[in-house]
Amino acid sequence: MLKIDGVTRRFGEVTALDEVSLEIGQGEFFALLGPSGCGKTTLLRILAGFEAPDAGSVTLDGADLLSLAPNKRPINLMFQSYALFPHMSVAKNVAYGLEREKLPRAEVKERVGEVLETVGLSAQAGRRPQQLSGGQRQRVALARAIVKRPRLLLLDEPLSALDKKVRADMQLELKRLQHEVGITFVVVTHDQEEAMSLADRIAVFDSGRVRQVDRPVELYERPRSRFVADFVGANNLFEGTAGASGDLRTENFGTLRGTAVAELPEGTRALLAVRPEKVGLTAEGTLTGSVLDVSFYGGVSHISVEVPGLAKPVLVAVQGAGTVSAGAEVGLQWGEQDAVLLPVGQ
């Protein structure tokens, strides 16, 4: 439905977007994920019409989107700051866009009532924004964005102002709403968990470029660069040279088994990435070390293991409370399919 082709945007000497190309399908929940300053919000503003690219094209259903004024685009943007009208009630805030289109009063009332019920704010329809909690204001902003039934809804850090429990509830709410209303959602976030839980597909941005586009599971289990492996969740990274069939040859530990996601010539510098939950504790393993620290996080424990010859401790994640204590000597091992061989320097 939406095709972004070679979009570049510069601010003086800073390149915010560097030939970004993406395709987003009808009804998809698509996430733009990356650290602050990576260009994801700039791309969102280009789609909304608040910025113009220096190069590239954007089409919606095959038609040029960049030639349309912001108010003529079948797109709505839900701001990070919510941008609600403080002097209007919740219902009036939601109805504002429909009233501007001069729709019949009965239709406006019906659609506002439906969307307020969908986001669970029917009882607060007569309140002003300052009488609501942060989570409720979030829902008003969302209701106002979807009541016009846009083809595309852009969300800029939509859940950043909410506490952890409300955020988890709103993630489920957003997914449910998106499936219910059938609108294509594009969400900008720097929160990996948020992107993984919400999106059908994720584009990972770094320094104005797209590093990888994939479904959440593939992105997590099969990163294709050091940046993605390091940015999306925790990872243990081992350095060495590429061996045969995804192996990593190291100076201190011999050959570490893994799986290659891209073809790497034998002998080139490479990394082996192993997720903490894929590392098992044994009496004797591929690596041996001593436990530095055990941290309990409710359903999971993180065990930090110092391995002689490694600059950083190896992180191990186990279900429940850890069964080892600081100072214990342990072995570490993982399966060949649980480790990914990556090129260095990407």
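The lining of the largest pocket leans on greasy side chains: its residues split into 17 nonpolar, three polar and seven charged. In this predicted model, that pocket has a volume of about 800 Å³. Its lining takes in 27 residues, and Asn-71, Ile-75, Asn-76, Gly-97 and Lys-148 are the ones nearest the centre. Three elements each put at least two residues into the lining, namely strand 6 (75–78), helix 2 (90–100) and helix 4 (134–146).

Helix 2 is worth a look in its own right. Buried residues along this helix include Val-90, Asn-93, Val-94, Ala-95, Gly-97 and Leu-98. An α-helix has 3.6 residues a turn, so residues three or four places apart point the same way. Part of the cover over the buried residues of helix 2 comes from helix 3 (105–118) and from helix 4. Helix 4 therefore turns up twice here, as a contributor to the pocket lining and as cover for helix 2. Just past the end of helix 2, Lys-102 adopts a positive phi of about 60°.

On the other side of helix 2 in sequence sits Ser-89, in the loop that runs from strand 6 to helix 2. This serine has a relative accessibility of 15%, and because the cut-off for buried is under 20%, Ser-89 counts as buried. A polar atom of the Ser-89 side chain lies 3.1 Å from the backbone nitrogen of Lys-92. Leaving aside residues up to four places away in sequence, Ser-89 also touches Ala-125, Gly-126, Arg-127 and Arg-128.

A second serine, Ser-21, makes a handy comparison. Ser-21 belongs to strand 2 (residues 14–24), and with 40% relative accessibility it counts as partly exposed. Setting aside residues up to four places away in sequence, its contacts are Ile-4, Asp-5 and Gly-6. With Gly-6 there is also a polar pairing, in which the backbone nitrogen of Gly-6 lies 2.8 Å from a polar atom of the Ser-21 side chain. Lys-3 is 18 residues away from Ser-21 along the chain, yet the two C-alpha atoms are separated by 7.6 Å. Both serines, then, have a side-chain polar atom paired with a backbone nitrogen, that of Lys-92 for Ser-89 and that of Gly-6 for Ser-21.

The second largest pocket has a volume of about 510 Å³. Its lining consists of 20 residues, with Leu-237, Phe-238, Leu-310, Ala-311 and Lys-312 lying nearest the centre. Helix 8 (226–231), strand 11 (236–242) and strand 19 (314–319) each give at least two residues to this lining, and strand 11 has the largest share, with four. By residue type, the lining of the second largest pocket comprises 10 nonpolar, five polar and five charged residues.

Zooming out, the protein chain contains eight helices and 21 strands. Its C-alpha atoms fill a box of roughly 75 × 45 × 35 Å along the principal axes. Of its 346 residues, 45% count as buried. Among contacts with a separation of 6 or more, 66% join residues that are 24 or more positions apart. The accessible surface of the chain comes to about 16700 Å², and carbon and sulfur atoms account for 48% of that area.

Technical notes:
Residues are numbered from 1 along each chain as its sequence is written. This is a predicted model: local features need pLDDT of at least 70, side-chain atom pairs count only at pLDDT 80 or more; totals for chains, interfaces and linings use all residues. Side-chain values use heavy atoms; hydrogens and water are left out. On a 1 Å grid over the protein atoms alone, a cavity is a set of points where a 1.4 Å probe fits but cannot get out, and a pocket is an open set with protein on both sides within 12 Å along at least five of seven lines; lining residues have an atom within 4 Å of a point. Grid points are joined across faces, edges and corners, and a volume is the space filled by probe spheres set on the points. Ala, Val, Leu, Ile, Met, Phe, Trp, Tyr, Cys and Pro count as nonpolar, Asp, Glu, Lys and Arg as charged, and the others, Gly among them, as polar. Buried means under 20% relative accessible area, exposed over 50%, partly exposed in between (1.4 Å probe, protein chains only). Contact means heavy atoms within 4.5 Å. Accessible areas come from the Shrake-Rupley method with a 1.4 Å probe; for residues, only the protein chains shown count as cover. A polar contact is a pair of N or O atoms within 3.5 Å; within protein, one must be able to donate a hydrogen and the other to accept it, and residues adjacent in sequence count only if both atoms are side-chain atoms.
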